[in-house]
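Here's a quick walk through one helix pair and its surroundings. Have the model open as you read.

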Amino acid sequence: MNKTLKKIIVTALLTAPFAFGSYFVTGLFSWRSDGLLQPISVLAVWLFINTMLFITLFTGKTDKVRAILFITMAIAFPIGFILQLFELRGHFMTAVMSDVISGNVPFCHIVIPQTIIPAVFTKQIVFPGTMDLGFQHSASFMIIFWLGVSLFIGKGWCSWTCFYGGWEDGCSRLSRKARIKLNPKLVWGAVAVLLLVILTTIETASPTYCLWLCPFKACSEFFEVASPLLAVQTVIFIVLFIGLVIILPFLSKKRVQCMVLCPFGAFQSAVDKINPFDIRIDKTKCLKCKKCIKECPVMAISEASLEKGKMGFSCMKCGKCVDICPGKAAHFHIKGTPVGGAFARVARTIFLYLAFTIFAGIGAGIISSALYRILLLITTGSMLTQ
Amino acid sequence: MNRKLSITIKALLGILWTTVFAVGGMMLFMGNRVLAQSLLIDNNVQIISKYTGGETSYEKDKGGYLMVVREPVRDGVFNKTKKSFVQVDWFAKESLPGELGGSIDIDSDGRDDLLVDIDIKNNKVTYEVYGSNIEGLASRSAVTDYIFKRDEDGKDALYHYRNRSYGGIVYKEGISVRIIIQ
């Protein structure tokens, strides 16, 4: 049998269990719409995800396939999200106090580090919204979902699950060459922001990151600009989005917002300690070319970390270093197992299954929701369902 | 030999760790609703009262709609602030009348503390204060903090919404005001 054909069959066999599982995870079997547009959207996304898994297993390349999924999710997110909220509230891209009081504010994962201490000690979630299980963006749903993702892939959330991260991942890929070099110490910025927002949230009983620092208001929703204070906050959100999510990633080829500002990313780095997956360097194979140091989008690799064969705390398991290493020294790794060899292939395959399962759970919903709205626009002239 | 055994044991523990976490994660995804109920909702983890309006103090059926007076909310996680607010809601299963309101006993002491008249059509609320501890109505203009108003004409004080769940029932129309108290 031809070697390529054999590889295709093996890859197809490896993809098949996921295809079966993702049939249920994507909700392909349980659409509620009377028309065909929703099932067509879900089916298209199901095919898309399974094709991507097949490609990544077949080629052995992780990061490029991941980036396609990740960036698609980030672009799709505002389309479905904004329109869904518009239908729920009746106003576009703004949250007003009536929405806060009535609990129609989606709970965002970035809020989790700020809310966890008050939730543990006082049983209060310092964020508007609802615990109502019927609301798919409820705090209760998101907290349990976050726990599940943390067990599956840990800090891998930031490169496989975050529906915002694709914006700066995409912008960091637009230029061929980095035009500016960032100081690696900047990775501590997110840790400082994390500590700051935890303390200020406890002190003010308000989610201070969301009120003052979140750049992703620009692709979700702003507060209604009803006072000078809210006008200032809105300007800050826009400036941070343009600066940290678009311009600096484009110039530096790094995910600047994730490294410097995101408190969730810093928090997830700590949570990642309990996760069995990490990326390791096989020191016996390392050519010391430092290509991984240069290319890592979150500056997780330094000469010191190369010496140890371990990544820095900002590593989000995107797999870029694994793909580009000329000596094949970087590997996906299960803690406790030997680095490289057959163990690395097994570790990568299991990691991919878990990461793709999460993507089928959240990313598929986001992309199919956007695709559904686009198909609605084409067929009815409106993106609204009501 | 010992080194080989140690490597094998470590590898097996690593694979066991991965298996336990994969199964655990899958259980969290599949049992999201059940776990959210048992871990969070049954343990009384709630959205902070500052945003929801607080626990119900008492309800009054006004014939066609429901008036709900809440407990005073003193913002703070570990500390409680001196200034607080009381939220009053009016919920209707279908639609609220064009005008509503009346005397309200904020602190449940049997004496009315405030007279509120709400003109829903014109998005306007006027009020008269009887209780000495009442400062006025909170403005709707700020999400971060509540701007305290003493104006008689509290047109910015009205929070108007639709499809609000309260006590397990979805009300099609709702109105709330927040009354600032000392």
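Let's start where two helices touch. This is a predicted model, and in it H1(A) brings Thr4(A), Lys7(A), Ile8(A), Thr11(A), Ala12(A), Leu14(A), Thr15(A), Phe18(A), Ala19(A), Ser22(A) and Tyr23(A) up against Trp46(A), Ile49(A), Asn50(A), Leu53(A), Phe54(A), Leu57(A) and Phe58(A) of H2(A). Sorted by type, the residues of this contact come out as twelve nonpolar, five polar and one charged.

As for geometry, the axes of H1(A) and H2(A) sit 9 Å apart, at an angle of about 140°. That angle makes H1(A) oblique to H2(A), and the crossing is right-handed.

Now for H2(A) itself. Here's the helix in brief:

| Item | Value |
|---|---|
| H2(A), number of residues | 23 residues (37–59) |
| H2(A), first C-alpha to last | 33 Å |
| H2(A), expected at 1.5 Å a residue | 33 Å |

Its buried residues are Pro39(A), Ser41(A), Val42(A), Val45(A), Trp46(A), Ile49(A), Asn50(A), Met52(A), Leu53(A), Thr56(A) and Leu57(A). Their cover includes H1 (3–25), H3 (63–89) and H17 (341–380) of chain A. Right after H2(A) comes Gly60(A), with a positive phi near 80°.

One residue of H17 is worth a stop: Leu376(A). Is Leu376(A) buried or exposed? Its relative accessibility is 9%, so Leu376(A) counts as buried. Beyond its neighbours within four places in sequence, Leu376(A) is in contact with Leu37(A), Gly381(A), Ser382(A), Met383(A), Leu384(A) and Thr385(A). Ser22(A), by comparison, lies 354 residues from Leu376(A) in sequence and 24 Å from it in space, C-alpha to C-alpha.

Conventions:
Residues numbered from 1 in each chain as written. Chains lettered and ligands numbered in written order. Predicted model: local features only at pLDDT ≥ 70, side-chain atom pairs only at ≥ 80, totals over all residues. Heavy atoms only, no water. Helix = DSSP H or I, 4+ residues; strand = E, 2+ residues; numbered from the N terminus. Expected span 1.5 Å × (residues − 1). Buried < 20%, exposed > 50% of the residue type's maximum accessible area, 1.4 Å probe, protein only. Contact = heavy atoms within 4.5 Å. Axes fitted to C-alpha atoms, helices over the stretch in contact; angles between N-to-C directions. Parallel < 35°, antiparallel > 145°, perpendicular 65-115°, else oblique. Left-handed = near helix turned anticlockwise from the far one by under 90°. Nonpolar A, V, L, I, M, F, W, Y, C, P; charged D, E, K, R; others polar.
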